[in-house]
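Welcome, and please open your viewer. We will go from stop to stop, selecting a few residues each time and looking at what is there.

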Amino acid sequence: MKKAEEQRHRLLALTIEAVGQEGLSGLSLRHLANAANLSTTAIFQNFSGKSDLMEAALERVVAQDHAFHLGLQSQVSALLSTHVSFADFLARYVLLRASLPHARFASELLIGVDVYPQCRALLAQWHDQRAAFWAALCANLDVAPGFADLVAEFTVMEEFYAFALHSDCTYGLLLAETCRALSDAAFHKGCGSPSMSHVSITLNTQPLSIHEAGDADDAPIKEQLLGEAVRIIASDGLEALNQRRIAKSAGVSTSAIAYYFNDMK
């Protein structure tokens with residue numbers, strides 16, 4: 001490999017590692033150059049600027065993630081047949097992603113796509129690959145229509161929690177519970193009132209569940225969340241509003257808020 005190619009390869013690898021560990025805000029071209037034992041001039045000799053560097057790194061990440069999912073599919077596709085095995089795998093998948101720098105790199109760029117708009121097409125390709133992975137796993141399973149698309153969206157959202165909370169035992173337990181509720185509802189075409197576990201009882205919450213359309217006793221979850229937010233603000237003011245209180249009042253996991261809304265704003 002020529003010297004220029006070696007430099008480019010090292011810079012891309014270090015960029016992915018830096019963002020994967022510290023997020024986009026943790027990426028400094030000066031620190032990147034120091035880590036690579038190069039000058040910042042060498043970075044601009046290999047890339048036209050930071051945007052070009054990020055796009056090239058994302059291109060590598062998309063290829064890495066494609067290989068990751070292909071390998072995973074070959075390992076587990078024959079092992080998933082019940083809602084229990086699927087739920088266990090789903091929870092394990094989310095936690096596994098938290099240990100992969102390239103997975104967080106893609107997620108970070110998904111959040112910061114407005115800063116790097118040239119990455120939109122690659123991010124769309126990345127998400128399509130993930131959706132295809134879940135569609136392949138669900139192809140021979142008797143699950144509710146659209147479940148693969150729902151899981152693809154759910155995992156994108158849940159990975160943000162996993163990156164921040166993967167070492168927290170409580171998060172792991174709640175993730176497993178949420179995955180069981182999601183899987184149970186899909187395999188059994190909906191569950192009206194999932195049983196609460198000791199984790200839910202202790203934390204006074206319950207896993208995100210799929211509600212039957214038109215359930216007389218349940219408004220759609222999104223409307224429940226909005227209603228509870230309005231009631232909290234009316235009662236105690238805006239400063240009293242937080243995700244945990246809304247979720248507790250609505251009787252759902254905080255994951256439900258991130259599923260239906262981008263953020264608290």
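On this tour, a contact means heavy atoms within 4.5 Å. With that in mind, select F89: leaving aside residues up to four places away in sequence, F89 touches L72, V76, L80, F133, W134 and L137.

Before the next stop, some background. This is a predicted model, in which local features need pLDDT of at least 70 and side-chain atom pairs count only at pLDDT 80 or more, while totals for chains, interfaces and linings use all residues. Residues are numbered from 1 along each chain as its sequence is written, and side-chain values use heavy atoms, with hydrogens and water left out.

**The whole protein**

Show everything as a cartoon. You will find 13 helices and zero strands; both are DSSP runs numbered from the N terminus, with at least four residues (H or I) for a helix and at least two (E) for a strand. Of the 265 residues, 43% count as buried. Buried means under 20% relative accessible area, exposed means over 50%, and partly exposed lies in between (1.4 Å probe, protein chains only). Among contacts between residues at least 6 apart in sequence, 70% join residues at least 24 apart.

**The cores**

A nonpolar core is a set of buried Ala, Val, Leu, Ile, Met, Phe, Trp, Tyr and Cys residues joined through side-chain atoms within 4.5 Å. Select F86, F89, L90, Y93, W134 and F147: of the 36 residues in the largest core, these touch the most other members. Now colour helix 4, helix 5 (83–97), helix 7 (120–138), helix 8 (147–165) and helix 9 (169–187), each of which supplies at least two residues of this core. Which helix gives the largest share? Helix 8 does, with nine residues. For a second, separate core of 31 residues, select L24, L32, M54 and F105, which are among its members.

**Helix 9**

Next, zoom in on helix 9. Its buried residues include Y171, L175, C179, L182 and F187. At the N-terminal end, D168 acts as a cap, with a side-chain oxygen 2.8 Å from the backbone nitrogen of T170. Try a distance check too: at 1.5 Å a residue, the 19 residues should span 27 Å, and the end C-alpha atoms are 27 Å apart, which agrees. The expected span is 1.5 Å times one less than the number of residues.

**Last stop: L70**

Finally, select L70 in helix 4 (residues 50–76). Is L70 buried or partly exposed? L70 counts as partly exposed because its relative accessibility is 47%. Add R130 to the selection: L70 and R130 are 60 residues apart in sequence and 10.0 Å apart in space, C-alpha to C-alpha.

Note on methods. A polar contact is a pair of N or O atoms within 3.5 Å; within protein, one must be able to donate a hydrogen and the other to accept it, and residues adjacent in sequence count only if both atoms are side-chain atoms.
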